[in-house]
Amino acid sequence: MKKGFFTIMAAQFCSSLADNALFVAAVELLKSDGAPEWQRAALVPMFALFYVVLAPFVGAFADALPKGKVMFLSNSIKVLGCLLMLFGLHPLLAYAVVGLGAAAYSPAKYGILTELLPPSQLVKANGWIEGLTITSIIFGVVLGGQLMGHAISPMLLGLDLPGFDTGIDSPPEAAIAMLVSLYVLAAGFNLRIPRTDTPLQAFVGHPVLLLKDFMSCNSRLWRDKLGQISLTTTTLFWGVSGNLRYIVLAWAAVALGYDTTKASALVGVVAIGTAVGAVVASAKMRLDQATSVIPLGVAMGVLVLGMNVLDDIVVAVPFLILLGGLGGFLVVPMNALLQHRGHNLMGAGRSIAVQNFNEQACILLLGFGYSWLTGSGLTAYGAITAFGCFVAVSMCMIGLWHRRNVRVHSAEVGRLLAIARSDGHNH
């Protein structure tokens, strides 16, 4: 791996660690302010909202400037969101500002991989990035809780600037103030990310032109015979993963009698499995083999159904690790293939923006569907069954779609796979 890759990893870890710790702090801040529970639940869609709304713009923005500079500006927006939260703006609105920074950050974070590394290293790079991101999710949630705990919180509240009243007088506020320094550290790493030789693409500032350009890029990736398969798979995966935490929480309550604290630990168990699967995939898989993992998606859906018969924590832990591991092994090569095709078709930043738009829209759609099912009186077991069947059937259809492409468009698929096997950037 090139030296710049490890700088990207350091920046990503610090930024993602702060994102996840901030979520816990924001939940506690709303709780301590006496906000209704729906506002705490609304933090997740508020964070995802700008991924969908700004998708036509952030990709073009990421391709118009050096990726390291885009990541620096994005982390600066996250710092602004934290400060607004501290200075009295409603936490939901301030957290949306942090989500804006994250939406701008993502196309640059993944896009620079295709600029810095040859296709033969993309799967390995994605494995490390995904594994690191999932690790930061686990540690971030723990960090957020510890910063507001009895051991660390009094120390943070005891730190004052001479002659200046910071106005920080509660544990969640102290935690948020500390997380600002983590975002600043990430921004420092961003400044050390090397500039690549990839030419910049002009940023057309008119919203209508940007929207047309985004729609064209979205259509181009959906028409590509490998891009459409990898985009559908990653969209489904992240839509499922984004809502899996709620499924695990609901299942743990009825199957194991766990409260939220204990059940959230099981969400971490799934994340650990995903990280392991991602690292194994990065070592074992090649870019041109990515579509061979489609059957693992079917297995994921079947495993979700298996949650209905589990009632023993000793069996549940390895089961959930396996479920997460299949997901990690599935998404890494597919993610790499999608980035490779997007980079060749339209530029890295625009490609990641298209990917984020589809994946975040799927998270919102499946989340709404799951909420509707449970709100309609369906039991947790019934909702899990519906979710598992949807995943298994959808992945079967994706597999059949790819087999049809190989049969009907064999020359085109063969040409694209040949490009994936080479380290030259061709179209």
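The accessible surface of this protein comes to about 18,000 Å², and 69% of that belongs to carbon and sulfur atoms. Bear in mind as you read that the model is predicted. Of the 427 residues, 54% are buried. The secondary structure consists of 17 helices and zero strands. If we take the contacts between residues at least 6 apart in sequence, 82% of them join residues at least 24 apart.

**Aromatic rings**

Let's start with the rings. Searching the whole structure gives six aromatic pairs. One of them is Phe47 with Tyr51, a tilted pair. These two residues are four apart in helix 3 (residues 43-53), which means that about one helical turn separates them. In general, residues three or four places apart point the same way, because an α-helix has 3.6 residues a turn. Both Phe47 and Tyr51 are buried. They also belong to a wider group, since Phe23, Phe47, Tyr51 and Tyr95 form one aromatic cluster.

Another pair joins Phe237 and Trp238, and it counts as edge-to-face because the planes of the rings stand at 80 degrees, over the 60 degrees that this class requires. Here Phe237 is buried, with a relative accessible area of 5%, while Trp238 is partly exposed at 22%. The table sets out the geometry of the two pairs.

| Pair | Centre to centre | Angle between planes | Class |
|---|---|---|---|
| Phe47 and Tyr51 | 6.3 Å | 50 degrees | tilted |
| Phe237 and Trp238 | 4.8 Å | 80 degrees | edge-to-face |

A ring also meets a charge in this model: the charged end of Lys78 sits over the ring of Tyr105, at 4.8 Å from the ring centre.

**Helices 4 and 6**

Is helix 4 (residues 55-64) largely enclosed or largely open? It is largely enclosed by the rest of the structure, because eight of its 10 residues are buried. The buried residues of helix 4 are Ala55, Pro56, Val58, Gly59, Ala60, Ala62, Asp63 and Ala64, so a charged residue type, Asp63, is listed there alongside several alanines.

Helix 6 (residues 91-116) contains Pro107. This proline counts as buried because its relative accessibility is 0%, under the 20% limit for that class. Which residue, 244 positions away along the chain, has its C-alpha atom 7.6 Å from that of Pro107? The partner is Ser351.

**Helix 12**

Helix 12 (residues 260-284) is worth a visit for two of its residues, and Val276 is one of them. Val276 has 48% relative accessibility and therefore counts as partly exposed. Together with Ile272 and Val280, Val276 forms a nonpolar patch on the surface, and the three residues share about 230 Å² of accessible area.

Thr274 is found in helix 12 as well. Its relative accessible area is 14%, so Thr274 is buried, whereas Val276 is partly exposed. Which residues touch Thr274, leaving aside its neighbours within four places in sequence? The contacts are Ile134, Gly324, Gly325 and Gly328. Thr274 also lies 7.4 Å from Ile321, C-alpha to C-alpha, although 47 residues separate the two in sequence.

Terms used:
Residues are numbered from 1 along each chain as its sequence is written. This is a predicted model: local features need pLDDT of at least 70, side-chain atom pairs count only at pLDDT 80 or more; totals for chains, interfaces and linings use all residues. Side-chain values use heavy atoms; hydrogens and water are left out. Rings of Phe, Tyr and Trp (its six-membered ring) pair if their centres lie within 6.5 Å; planes under 30 degrees apart count as stacked, over 60 as edge-to-face and the rest as tilted. Buried means under 20% relative accessible area, exposed over 50%, partly exposed in between (1.4 Å probe, protein chains only). A charge sits over a ring if NZ of Lys or CZ of Arg is within 6 Å of the ring centre and within 35 degrees of the ring normal. Contact means heavy atoms within 4.5 Å. Accessible areas come from the Shrake-Rupley method with a 1.4 Å probe; for residues, only the protein chains shown count as cover. Patches are made of residues with over 30% relative accessible area and no salt bridge: like charges are joined within 9 Å, nonpolar side chains (Val, Leu, Ile, Met, Phe, Trp, Tyr) within 5 Å. A salt bridge is a side-chain nitrogen of Lys or Arg within 4 Å of a carboxyl oxygen of Asp or Glu.
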